[in-house]
Amino acid sequence: AGATGEALEVEDGPARPRTLVRALACLFKPWGRAAVGLAWLALVVAGVSVLHGFIGELATQVPPVPGTPSYEAENALGRFFPRKTLSNAVLVESRSGGPLVEFREGSTCRFQNRSEHGAGGFKLELSCANASALGGGCIRTSDLAAELEAAVLGMLETAVGLGVLNQSQVPGVMALFETRVLPVIAQSLPNITHCPERGAAPLTQDWMDLAVEVNRTLVTKFPQCQHSVMSFLSAPERTVSKTVTLPLPKGGLNVTIDATIPAGTFWELFRSQLITQDDAKMLIAAVTSTCNGQPVKPGNQDDKDIALAVQGVAQRAPSSLHARVSSQTLMLAAIQGGIKQTMDLSTKTLPIALLVLAIMAGNLRLVICTLVNLLACITVAMLMMYPIASRVTVSTTAPSMMIAVALGMSIDYSLFLLTRFQKEVAAGRSAERAVEIMLGTSGKIVLVSGLTLLLCFLMMLILPASFIATMGVSAAFTVLTAILAALTLTPLLLLTFPAFFSGDRNWGISVDGCCCCPRRSRGPTNSAAPMEGLALQLNTSVQSSEIDHTEALNQRMAKSCWPGFGDRMQRLSLPVLVALVAVAAPFGALSLPRLSYSAGLVPFMPTDAAATKTVLALQEAFGVGALFPTSLILVPPRDRVATQEGRDSWLNESCVALRTIARDVNTDPSVAPFSASAFTGPMILNGRCTRAGLGVWSDVGGLYSATQVTITYAVDPFSTEGQRWVTRMRDALARQTSVAAWYLAGEGPNQMDAASETFKSFPIMILLMMGVVLLLIGISFKSVVAPFRAVFCLVWMLVMTFGAAVFVFQDGALSWLGWSQLGLRGSGAMSWMSPCIACSVIVGLGLDYDIFYTESVLEECEHGHGEKEAAIRALTDTANTISAAGVIMVIAFGSLLLCTTPCLNEIAFLLVVGILIDCFITTKIIMPASMYWLGRFNFWPHKFPGPASMRAISRRHVVEVA
């Protein structure tokens, strides 16, 4: 330096100001901090105000994926049967186990007949009534035919007495009746073989009173709505009227037969749908079609009030009965309860995560920054998602995922930033200078890793199921707010209260920096203003109060076990890498090819919720169709149903087609047999062709434009076996297109298609994620090799993680623990949404720690150390921080693992396993070992300076010599 006092620059660490620091320069000004703080405050207040509305907009049903069979079926269902209904299913059980109603082979009434003779011929009126019998009486089909024959014979005897017939003509007329008339009447009636009788007293009367009370409550409390209560009591009596002309030698004899069939006769038709085989459990369905002339939207106030009213009736059921209610509204309430449970668990695990953070930072006061960041992240992310949820379908699991991501990212980013801030403060720097260095180093890591994670979440948009895609959007918004909060709110707080957050004596448990108490000085500090250069006036010598980074790391290496561990990993790198590949082989070869999935709403419901138990009880008793019915939409050719004769012919042909379909579907001996009796429609009943079946016709676009056939089958269409059944059903329908256009509609086929299409796009999503990794890592480190090393580590981790999930949830590898969260899934596999949601998080977090470690290696290389030595030094510098970050993330996602929602348990397992692998295997073993083998090609073509001995000082000082 010359005597004139010119400035002399020597190396002193990171060059400043860096790009990120320049971008956030306003935070170093009081007006800038005030503006940013007010903006965040306004966003947080707005987020809190829309929180309840956001939760209310969430959906449970998965919308069909365009272009799939279920999408076409949903369109057909909406076109021909546009009125949607809401159903509250009441499960009624006998507490004693006795039968609620019994079905026996025997009629409970006999026909009473009356015949009249007039100018037009004979009229025969028959009625079968028994006021004391269930349903007003019941007559079996065989008894009906016998009594009808007897009544006709009596009528003919009357005709003989009147001289209309000769006695010799009676046998011939009876023969004509039996061959021409009786089959026509029988065709118009179902085949009834059993009649209802009262069960154990007073069970039958009690459930009948309960059904009546449900109907009375709905009609009284909600007169503006259209209701119908479906139970055995809702079966109506029917009148069969037939007029025939019996040929006689002197002309024809006109005979009109009017037969009134009591309602109890038709109870058997609903037996498989409304009562279990042991007659001890019964289903009562309260259906609401409209309120004030408008369809009732699931989750609105009318829907909630109706569900609560039905639930109230069930709670007041007679003591002999146990009545429970299930509906979409109550299931949604259970899911929301699961969200609250997750929030509560997150609140309980949060102090543990914050304690780990405080230990790593060495200052309890810095935890305040994390809490502020977390609050801002959650509320603002939900504020951003609210307008999206009001327009498109967003899953009810989105809030739980957003909270877990916010917890993990906020604490993780705080760990990176605050530990660096605390190191700089401990080195004697001012709070302002420490914040500047923190943003220039750890801030870059937060920005790069956060943007990478954000893009990984956005890659979920390529998945065709909007239910999953919006989950990715919600997580991406959460990561975005976590980045913004970490890079703005954290420095804002540190710069606004520098003395307070710098007061780290006794872990911050002191009055230093509080109120009027100044911070106790550690010694001389560099108080030069940031962003304006560093100027120290020295008279004749250079003095530095800062601890050199290299010397500080050397001191830690002397006391740490990590250098020795890293050295051993490098010396044993070849066998270590071979062993790790060998370990991954079984996971990749034995488990991943068997990865399957299940569907349904139950995985999103807490297992300990009353609504969940009711749903499972309903499914066990009556099948999934009791809540999520599967049906066929048949659209016949218009010319085939234009006339009554044509409709009768088509009904018979479609019935034959349904029987053929049932035979074609019933090819899997591992599941319950599937027969034609599973179909119920206008043309088929109990497996028998009829023209008087139960079903509705659509008049949209013309009379008899379409009809609906319900399917009652014990196999859950959401399970893996059910998915194979859906496939077989569609294949069988495709062979009957000459009869009608067939559509298989229902939530089971819908979710199957959504899952299938999603998993077809899943590999593309992973490839795009790897492309993002290659691009961002390559740009960040100016290297071609480093991105491919990162991709290798990520792929290895994904193979291990998803392979472990198959062993646990499909094979029951951990069922011996007796912990249902990690037990064998009853559906046979994980929910189809779990791998899709977890994959992006695993990739993002894995890359997060990869970047943190690699950035440290890069810094050591720039200080002049060789790549092999830099890998060990970086391991020493980052191992504890990465381990702590991993522990924090496990604690954050542990709330999902501890909750009782199966889907969240599966996501948590995938995340926890992935994080543990990355924190304790990838960054501790694979990366140091691979860097040893790659040597100087680790960051190729990046160039580094010479050896450390050739560098004067590892930091920058601006020295002015007087």
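A residue counts as exposed when its relative accessible area is over 50%, and that cut-off will help with two of the loops below. Welcome to this predicted model, a protein chain of 962 residues, 56% of which count as buried. Its secondary structure comes to 26 helices and 23 strands.

**The chain overall**

- The accessible surface of the chain is about 38800 Å², and carbon and sulfur atoms make up 60% of that area.
- Among contacts with a separation of 6 or more, 80% link residues that are 24 or more positions apart.

**The nonpolar cores**

- In soluble globular proteins, nonpolar side chains tend to be buried together.
- Here, the largest nonpolar core holds 267 residues, and W207, F232, Y413, W832 and F893 have the most contacts inside it.
- A second core, separate from that one, has 33 residues, including W650, V709, Y713 and L733.
- If you would like a place to start looking, try W207: leaving aside residues up to four places away in sequence, W207 touches V92, L100, V101, F232, L233, W267, M282, I284 and L321.

**One side of helix α17**

- Helix α17 spans residues 562-571, and its buried residues are W562, P563, G566, M569 and Q570.
- These buried residues lie on the same side of α17 because they cover an arc of only 125° around the axis.

**A buried charge in helix α26**

- D918 sits in helix α26, which runs over residues 902-934.
- D918 is buried but has no salt bridge.
- The nearest side chain of opposite charge belongs to K924, 8.2 Å away, whereas a salt bridge would need a side-chain nitrogen within 4 Å of a carboxyl oxygen.
- Not counting residues up to four places away in sequence, D918 touches M797, L845, G846, Y849, D850 and T923.

**Backbone details in the loops**

- K782 is found in the loop between α22 (747-781) and α23 (785-810).
- Although K782 is not a glycine, its phi is positive, near 50°.
- K782 counts as exposed because its relative accessibility is 55%, above the 50% cut-off.
- N292 lies in another loop, between β10 (281-291) and β11 (294-295).
- N292 is also a residue other than glycine with a positive phi, in this case near 55°.
- With a relative accessible area of 58%, N292 is exposed.
- The loop between α26 and β23 (955-961) contains P941.
- The peptide bond leading from W940 to P941 is cis, with omega near 10°.

Technical notes: Residues are numbered from 1 along each chain as its sequence is written. This is a predicted model: local features need pLDDT of at least 70, side-chain atom pairs count only at pLDDT 80 or more; totals for chains, interfaces and linings use all residues. Side-chain values use heavy atoms; hydrogens and water are left out. Helices (H or I, at least four residues) and strands (E, at least two) are DSSP runs, numbered from the N terminus. Buried means under 20% relative accessible area, exposed over 50%, partly exposed in between (1.4 Å probe, protein chains only). Lys and Arg count as positive and Asp and Glu as negative; His and the chain ends are not counted. Contact means heavy atoms within 4.5 Å. Accessible areas come from the Shrake-Rupley method with a 1.4 Å probe; for residues, only the protein chains shown count as cover. A nonpolar core is a set of buried Ala, Val, Leu, Ile, Met, Phe, Trp, Tyr and Cys residues joined through side-chain atoms within 4.5 Å. The arc is that of the directions from the helix axis to the C-beta atoms.
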